[in-house]
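Reader: I should like a close look at one part of this model, namely its nonpolar interior. Please set it in the context of the chain that surrounds it.

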Amino acid sequence: MSTFATMPMPVTAPLPTAPSPVPQGAIIDDAAIRQIEPVLMGFAYRAVRREDVARDLVQETFMAALEAKDSFAGRSTLRTWMVGILSRKIIDFYRRTRREVLTDIPPEPDPLGTFAPATARAPDSRLDPALAMRVVEKSLGKLTELERMAVLLVDIEQMDRDEAGNAMGVQSTHLRVLLHRGRHKLRKALEDAGLQANA
Amino acid sequence: MLDCRQTHDALSDSLDGALPWWKRILLRVHLRICPGCARTDQSLRKSHDVVASLRDAPPIIDDEEA
């Protein structure tokens, strides 16, 4: 198990090389790139679970952001704006790989049985925080792609539902169901881990 | 009144502040009288906090996945 912080990170050329197309004083400068690249890499890795793909998507995101920099109106933070661009790249990747049928038809509520009557024991009250983060990190990989994207955008990136729905290209009713499912699956994973840890 | 399944469905909405006022009250009442749903609410909020804490943490790469 390792983290990006400990891994060698190849430069995501060609952005920092050659004459930069970004005018001096523009919001996407070298400092911004250095600051936001790890954020985007983390988001992309959590979404696609493959480092090589994540790196490609992040590079595409920077290219798209540079081309569209004039459309950044400052209504959101640079992070939110670029995560939105990256999200669309990730959804395109999902579509290309067809690992999940992407529709905008709201699924039936709770068809996967995430409704679970509460158990008699408090689930995870003594679960070590670092272990809890590892459990959640691993469990994110077990969500469907769209559930994962919904959780990443709303619960980690703290986008509101409308922003997240726009970034994913789904209607708010669909996003609500994806969030509901994803959150309860993560809750159950933590409960299970807590029960095991406390057993 | 909300039953347990309706409560379960409302818990995620409540995290986003997306419940109308009257449903917030019904939810609060149900959680006071139903220990099972109250535990589920507590557990969901705790896992929500753990997920949120990943925001500025580098992802943990699982060797089995990588």
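Reader: Which pattern does chain A follow when read along the sequence?

Author: This is a predicted model, in which local features need pLDDT (the predictor's confidence in each residue, from 0 to 100) of at least 70, side-chain atom pairs count only at pLDDT 80 or more, and totals for chains, interfaces and linings use all residues. Residues are numbered from 1 along each chain as its sequence is written, chains are lettered from A and ligands numbered from 1 in the order in which they are written, and side-chain values use heavy atoms, without hydrogens or water.

Along its sequence, chain A reads β-α-α-α-α-α-α-α, that is, one strand and seven helices; these are DSSP runs, E of at least two residues for strands and H or I of at least four for helices, numbered from the N terminus. Of the 199 residues in chain A, 48% are buried (under 20% relative accessible area, 1.4 Å probe, protein chains only).

The largest nonpolar core holds 59 residues; such a core joins buried Ala, Val, Leu, Ile, Met, Phe, Trp, Tyr and Cys residues through side-chain atoms within 4.5 Å. Those with the most contacts inside this core are A:Val48, A:Ile90, A:Met149, A:Leu153 and A:Met168. Elements giving it two or more residues include α1 (30-48) and α7 (172-198) of chain A, together with α3 (35-52) of chain B.

Beyond four places in sequence, A:Met168 has contacts (heavy atoms within 4.5 Å) with A:Ile91, A:Leu146, A:Met149, A:Ala150, A:Leu153, A:Leu175 and A:Leu178. A second, separate core of 10 residues includes B:Leu2 and B:Cys37.

As for confidence, chain A averages a pLDDT of 78; among its elements, α5(A) has the highest mean, 96.

Definitions and conventions. Buried < 20%, exposed > 50% of the residue type's maximum accessible area, 1.4 Å probe, protein only.
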